[in-house]
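Please work through the exercises below with the sequence and the three-dimensional view side by side, trying each task before reading its solution.

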Amino acid sequence: MMFWQEIANDGVQKMCEAISDREAFEMAETFGAHNYHPLPVNVVRAEGGYVWDGSGKKYLDCIGAYSALAHGHLNPKIIKALTDQAAKLTLTGRANNTTEMALFEKSLCLYTGLDKVCPMNSGAEAVETCIKIARKWAYSVKGVPKDQAEIIACEGNFHGRTTTLVGFSDTAQYHDQFGPFSSGFRLVPFGDAQALADAITPNTAALFAEPIQAEGGVLIPPVGYMKEVRRICDENNVLLIWDEVQTGFCRTGQRFAWMHEDAKPDLMAVGKALGGGLLPVSAAVGTNEAMGVLKPGDHGSTFGGNPLACAVAIASMAEMAVQDYDRRSEALGSRLMEGLRRANLRHVKDLRGKGLLVGLEVDESIDTAPIQQSFIQEGLLTKETRHRTFRFTPPLTVDIDFIDDIVKRVARVLS
Ligand code: PLP
């Protein structure tokens, strides 16, 4: 009872402030499932592009919640939208309409250039929603025989952690011992439009891919790939679904990565930055034809489209539109790439990037663990993703000095 009473009396903040970094790690180790292996940093506070641990050490946040923190930590405009809305209406479920949800749907259509929105919460849910819509479209519009619809996805994909999604991942740890899985998916090499064309059958409902594989190690397909994929889908009456959960909302220097090649999808999964760094907000967005197959009762979510999340997402999009986040991302990303290129770094096998989604791949002559450790000592938060690649995805609101500071710190570790 003491435990609850203390929280009830003093509030959560005071309780958290009394817990040391070491105690917080021990508590998480004891009471949390071990499905992550976090960096040895316990973040207690954040602002803009920076975070602090309990000892007061300041870090450049180059992880940015895996691209979800486009607006930076505690963006005042988004906080205001949250607190204003929190004082008025937060949650109703979908049994009724709300003005905030309606305005959210209109805003997201305007921002993406697509026609209709199905609001969800996490990125994986948005992806699952796209898959369900594509399958229903295949049966009800294209005329694919019952339960025969196929979706073509790409090798090296990452679309989230549900059992359907890990079932067509080719990363062993994501699926080993989690089967049986949903059938109806086949993989082709990423970036190979011909392989996609060859894999299409009369039962193909959709091609489903990330335009750039971020978790896969910041893999950028050859120029012309996205456009060619669009052409192949049109030619074969197959839907094109882009997973823009990580690449969307200006991360790659355009509002959405498909815009680099004008490869407009029929369906798109979005999430992460839509929540303004405050809340999980995601959606499937699509054309009238694709989205039109959903009928009442086909799909839903208790929290999807809640007024609080919608108010935050509307403010997030307004901020991205008004402050030209796409151009910021392009300019800051170029500066980071140039800076890293000029820094005479050792052990760099490849440097890849589009906008402020940058991956630095280190060669096999060195173990990545001590590099990771040195980055932390230098006050730089970045985490290795696949292909021995350290990903740099700081908020899109940081300034040039922040970018130059990243370069300096990386240079101290790798030169
Ligand atoms: N799709 C892509 C491309 C992602 O990068 C991620 C997460 O990193 C997801 C889907 C899943 O999003 P969430 O973790 O919000 O479910």
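Three exercises with worked solutions follow, on the ligand site, on a loop residue and on the nonpolar cores.

The model is predicted, so local features need pLDDT of at least 70 and side-chain atom pairs count only at pLDDT 80 or more, while totals for chains, interfaces and linings use all residues. Residues are numbered from 1 along each chain as its sequence is written, and side-chain values use heavy atoms, with hydrogens and water left out.

**Exercise 1.** Find which residues surround the ligand, and list polar atoms that lie 2.8 Å from one of its oxygen atoms.

*Solution.* Begin with the shell, where a residue counts as near if one of its heavy atoms lies within 4 Å of the molecule: Ser122, Gly123, Ala124, Phe158, His159, Gly160, Glu210, Glu215, Asp243, Val245, Gln246 and Lys272 surround the ligand. Next, sort this shell by class, which gives three nonpolar, five polar and four charged residues; here Ala, Val, Leu, Ile, Met, Phe, Trp, Tyr, Cys and Pro count as nonpolar, Asp, Glu, Lys and Arg as charged, and the others, Gly among them, as polar. Then look at single atoms: a backbone N or O atom of Gly123 lies 2.8 Å from a ligand oxygen, a side-chain N or O atom of Gln246 is 2.8 Å from an oxygen of the ligand, and a polar side-chain atom of Lys272 also lies 2.8 Å from a ligand oxygen.

**Exercise 2.** Decide whether Thr247 is buried or exposed, and find the side chain with which its own side chain makes a polar contact.

*Solution.* First place Thr247, which lies in the loop between β8 (239–243) and β9 (267–270), strands being DSSP runs (E, at least two residues) numbered from the N terminus. Thr247 is buried because its relative accessibility is 1%, and buried means under 20% relative accessible area, determined with a 1.4 Å probe and protein chains only. Finally, its side chain makes a polar contact with that of Glu244 at 2.7 Å, such a contact being a pair of N or O atoms within 3.5 Å, one able to donate a hydrogen and the other to accept it, where residues adjacent in sequence count only if both atoms are side-chain atoms.

**Exercise 3.** Identify which members of the largest nonpolar core touch the most other members.

*Solution.* A nonpolar core is a set of buried Ala, Val, Leu, Ile, Met, Phe, Trp, Tyr and Cys residues joined through side-chain atoms within 4.5 Å. Among the 74 residues of the largest core, Phe104, Leu108, Phe249, Phe392, Ile406 and Val410 touch the most other members. Another core, of 30 residues, lies apart from it and includes Ala149 and Ala206.

Note on methods: Helices (H or I, at least four residues) and strands (E, at least two) are DSSP runs, numbered from the N terminus. Buried means under 20% relative accessible area, exposed over 50%, partly exposed in between (1.4 Å probe, protein chains only).
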